[in-house]
Amino acid sequence: MNQLPYDTVIFDLDGTLCNAEQGIVSSAMYALEELGYQLPEGVDPREMIGPPLVHGFEQVLGLPPEQTARAMELYSRYFDREGMYKYTVYPHIRSILRALRAAGAYLAVATSKSEKPCRAVLEHFALTRYFDKIVTADSSHSIAGKAELIRRALPERYHRAAMVGDRRYDMEGAKANGIDGIGAGYGYGSDQELRDAGAEHIVPDTEALRALLCQGVDIPRGFFLTVEGPDGSGKTTQVNLLEKSLREYGFSVLRTREPGGCPISEDIRQIILDTKNMEMSPACEALLYAAARAQHVVQVIRPAVETGMLVLCDRFVDSSIAYQGGGRELGMETVQQMNAPAVGDMMPDATLYLDIDYRLALQRRMGASAPDRLELEAFDFHERVQKTYERLVHDSRKRFMTVNADRDPMAVAKDALAMVLARLEQEE
Ligand code: TYD
């Protein structure tokens, strides 16, 4: 704990923890339009981000004071319904919070937002639990200065504290409280603004913020998540959607796939999937998959998990057990043994299984593109693959999360994300 550069860190929300641009600007534009106003010429609506809302409507957008109460009502209505879902968490923020938390730092939020939207955003992104205190403006009408909010966010005692924020209000507030101001140069204020307001440091991105705040801090282990399913289960689409969502939640995601994921393993992939290699023996195939995996684990998966990343891997050893163990009838145990030196202790922390009948899945796949060598195999091969997957899911119920994949892709993605987030939450 004494090794931390700052044992107490107060964060601003919009433009510091979260990219709020789309959420705030769309809500403000909605309110303006509903009131029959237009955005004044030359005004950047992003200026709305940072100061209290009432200030934004009156001083940035130039609304007459008698209209602001109504404008804020309209703004809130849109924000609750749509605006807040346009927020994203900046990359690395989650790993910064996790690392600081694990190292025993006191963390708080001080924002000029009112309590309801602030809490809604933090809850939506499952960030609430990282903070000892969340200080908001008392109501949307409040103009409590940032210095006062920061003062309330600070603990009774601390060794060295910093306020991280993207606007001058944050830096001035830090100064007024005698603590360091760290300017989030990636937010909505300019470097000049932050410097003039007395920023101690200005970080251009969240990677630099992590370097500054987490100097000398042990990075907590990341997470290894795999996605499995039969050919044609819509796995690629689901992995794409999951990756996008997890990034928006601020996870540091490393996306990879098997067979492949690094140059040696991608070369092996070519050999395995090449339709000219029809005579490849099942054992040769299984050993090639295991060989590709061995390199992938050493070169990509393990280093990433050890540096706190969330590794999202499209297929892993379960595929070998299902396809070579079941499909090719080498037996589950034999394939498990073949993979032991490749996998070592890097078993996935969780595995998302896309559950769909193999006949339906194959039909989908055949319609989508030219089938590769494995896809041309007889239907009973795929039936055995499915049965083996089902055995695996049954035998490792704690690791697997099963989602019904015989539905609209967006519905599958929604459920898959909810399951993954719930599992990640257990980890932290
Ligand atoms: P790929 O193009 O990745 O297909 P998909 O989009 O369905 O994942 O090809 C991977 C093929 O390799 C797929 O048919 C499953 C098979 N496979 C195995 O048989 N064993 C394994 O260990 C792995 C990783 C994949």
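In the predicted model, a polar side-chain atom of Tyr289, either N or O, lies 2.9 Å from an oxygen atom of the ligand. The side chain of Lys235 likewise places an N or O atom 2.7 Å from a ligand oxygen atom. For Arg315, the separation between a polar side-chain atom and an oxygen atom of the ligand is 2.7 Å. Of the 540 Å² of accessible area that the ligand has on its own, the protein covers 92%.

Four elements each contribute two or more residues to the shell around the ligand, namely α10 (235-248), α11 (263-273), α12 (282-306) and α13 (317-327). The largest contribution comes from α13, with 4 residues. The ligand is surrounded by 15 residues, of which Asp231, Lys235, Arg315, Ser320 and Gln324 come nearest. By residue class, the shell consists of 6 charged, 5 nonpolar and 4 polar residues.

Arg315, one of the residues that come nearest to the ligand, is located in the loop between β11 (310-314) and α13. The backbone of Arg315 has a positive phi of about 75 degrees, although the residue is not a glycine. The same residue supplies the polar side-chain atom found 2.7 Å from a ligand oxygen atom, and the helix that follows its loop, α13, is the element that gives the most residues to the shell.

A further backbone feature occurs at the peptide bond from Glu258 to Pro259, which is cis, with omega near -10 degrees. Pro259 is part of the loop between β10 (253-257) and α11. The latter helix is among the elements that give two or more residues to the ligand shell.

With respect to domain organisation, the chain is divided into domain 1 (8-18 + 87-213), domain 2 (21-86) and domain 3 (223-427). Domain 1 is thus listed with two segments, 8-18 and 87-213. The C-alpha centres of domain 1 and domain 2 are 22 Å apart. Contact between these two domains involves 17 residues of domain 1 and 18 residues of domain 2. The area buried between domain 1 and domain 2 amounts to about 1500 Å², with 62% of it on carbon and sulfur atoms.

Notes
Residues numbered from 1 in each chain as written. Predicted model: local features only at pLDDT ≥ 70, side-chain atom pairs only at ≥ 80, totals over all residues. Heavy atoms only, no water. Near = heavy atom within 4 Å. Polar contact = N/O pair within 3.5 Å; in protein donor to acceptor, adjacent residues only side chain to side chain. Areas by Shrake-Rupley, 256 points an atom, 1.4 Å probe, with all protein chains shown as cover. Nonpolar A, V, L, I, M, F, W, Y, C, P; charged D, E, K, R; others polar. Domains from an automatic or database assignment. Contact = heavy atoms within 4.5 Å. Buried area = accessible area lost by both parts, 1.4 Å probe.
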